[in-house]
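User: Could you walk me through this model? I'd like to start with the ligand site and then go on to the helices.

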Amino acid sequence: MAEAKLIDGKALAAGLRQRVGKGVTYLIANGGPTPGLATVLVGADPASQVYVRSKGKLAAELGMVNFDHRLSEQTSEAELLALIDELNDDARVHGILVQLPLPKHIDTAHVLLAVDPAKDVDGFHPLNVGRLGSSAPGAPLDFPVPCTPLGVSMLLHETLGSLTGRHAVVIGRSNLVGRPVAQLLLRADCTVTSAHSRTRDLPALCRQADILVAAIGRPQFVRGRWIKPGASVIDVGINRILAEEGMSPLVGDVAFAEALPVAGHLTPVPGGVGPMTVACLMFNTWQAARRSSGLAVNAAEQPHLPVGLGESAKGKGAIRPWSNHGVRLEPAGGQ
Ligand code: GUN
């Protein structure tokens, strides 16, 4: 059996970043705003600091403005909510990202609810969660969708084209990843099974999957013998493990070496889903700014957009559901 083809998330993320950069230039050239991303970090968790820094840096590289807010671990919920109110009212800010997890004394649900849904570039506000859950297959996603799930969906569409009729098993039911991945795949016409810690005979279920998404947060949990030969395996896990000689490599939720001879396509860790997440955040921020301006995307910009493979939403088959996130392809000023 041939080895799985690796899905190059780094390369695909680079392409997406480039499209966003061109889109930002186009938006500004056409009288739109310079997209502004506010990043908010409470506390000093080292991993969160790295993530927030890289988000701010990339936003600046793509021609956006980053408003970086670092708050102490002792910040009260009321103080954080007051900052979010300010950012909601600030016309220079089109996207607000509150890095999670928050310190234990702050109620995450209160914070997510406080963010203006139009600026919710994480897609975590209940209104946007509900929009994703009730959006029809093929309809434009003209609201923010959580970044990691959006990246997973893009990788799958880029690799497989239409996902129609495929059985997708999503392991993990978190609000950040598992649930929104399942929703995106459902609206891409997959048959979706959401598996979790209480699922019976998980290996047998996984063996039925044409698409297997592992988002559990347990290192090398999914074994090679769980995978259906030829399946597309997306590994969302990023786990640091202790190895020999004090090394602590990053590994995914899938036992990579075991999966390689069985799967048809496989994302590496690192270099698979990870780079897509931050690129999708840039995509969401750009789109939030464009929506706020009321500008449609001009047809001239079309080559730079992640447009579909020519299949129509009107019945010829599935379009890539991420192909038109609020992006109308008629000239600006069109209907
Ligand atoms: N922490 C881990 N992943 C994420 C994410 O996608 N968004 C935010 N805001 N925090 C996170």
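Analyst: What follows goes through the ligand shell, the helix packing and some backbone details, and all of it rests on a predicted model.

User: Okay, which residues surround the ligand?

Analyst: The ligand is surrounded by Leu97, Val98, Gln99 and Leu100, together with Asp122, Cys147, Thr148 and Leu176. Two elements, β4 (95-98) and α6 (147-160), give two or more residues to that shell.

User: And what's the shell like by class?

Analyst: The shell around the ligand has five nonpolar residues, two polar ones and one charged one.

User: Which domains does the shell draw on?

Analyst: At least three residues of the shell come from domain 1 (30-120), and at least three come from domain 2 (142-275).

User: Let's stay with α6 for a moment. At what angle does it pack with α10?

Analyst: Helix α6 packs with helix α10, which covers residues 273-293, at an angle of about 110 degrees, and their axes are 8 Å apart. An angle of 65 to 115 degrees counts as roughly perpendicular, so α6 and α10 are roughly perpendicular to each other. The crossing in which α6 passes α10 is right-handed.

User: Which residues of α6 and α10 meet there?

Analyst: From α6 the residues are Cys147, Thr148, Leu150, Gly151, Val152, Met154 and Leu155, and they meet Val273, Met276, Thr277, Cys280, Leu281 and Asn284 in α10. Nine residues of this contact are nonpolar and four are polar, with no charged residues. Cys147 and Thr148 of α6 appear in this contact, and Cys147 and Thr148 are also among the residues that surround the ligand.

User: Does anything else touch α6? I'm thinking of α7: how do the axes of α6 and α7 cross?

Analyst: The axes of α6 and α7 come within 8 Å and cross at roughly 40 degrees, which makes α6 oblique to α7. This crossing of α6 and α7 is right-handed, and the contact is made by Pro149, Val152 and Ser153 of α6 with Pro180, Val181 and Leu184 of α7. By class, that contact of α6 with α7 has five nonpolar residues, one polar and no charged. Val152 is listed in the contact with α7 and also in the one with α10.

User: Back to α10, then. How does α2 pack with α10?

Analyst: Helix α2, residues 46-61, packs with α10 at an angle of about 50 degrees, with the two axes 10 Å apart. That angle makes α2 oblique to α10, and the crossing of α2 and α10 is right-handed. Ser54, Lys55, Leu58 and Ala59 of α2 make the contact with Val278, Leu281, Met282 and Thr285 of α10. The residues of the contact of α2 with α10 are five nonpolar, two polar and one charged.

User: Changing topic: where are the cis peptide bonds?

Analyst: One cis peptide bond joins Leu100 and Pro101, with omega about 5 degrees, and Pro101 is in the loop between β4 and α4 (108-114). Leu100 also belongs to the residues around the ligand. The peptide bond from Val269 to Pro270 is cis as well, with omega near 0 degrees, and Pro270 lies in the loop between β11 (265-266) and α10.

User: Why are those worth flagging?

Analyst: Most peptide bonds are trans, and most residues other than glycine have a negative phi. On the second point, Asp189 has a positive phi, near 70 degrees, and is placed in the loop between α7 (178-187) and β6 (191-195).

Conventions
Residues numbered from 1 in each chain as written. Predicted model: local features only at pLDDT ≥ 70, side-chain atom pairs only at ≥ 80, totals over all residues. Near = placed C-beta within 6 Å. Helix = DSSP H or I, 4+ residues; strand = E, 2+ residues; numbered from the N terminus. Nonpolar A, V, L, I, M, F, W, Y, C, P; charged D, E, K, R; others polar. Domains from an automatic or database assignment. Axes fitted to C-alpha atoms, helices over the stretch in contact; angles between N-to-C directions. Parallel < 35°, antiparallel > 145°, perpendicular 65-115°, else oblique. Left-handed = near helix turned anticlockwise from the far one by under 90°. Contact = placed C-beta atoms within 7 Å.
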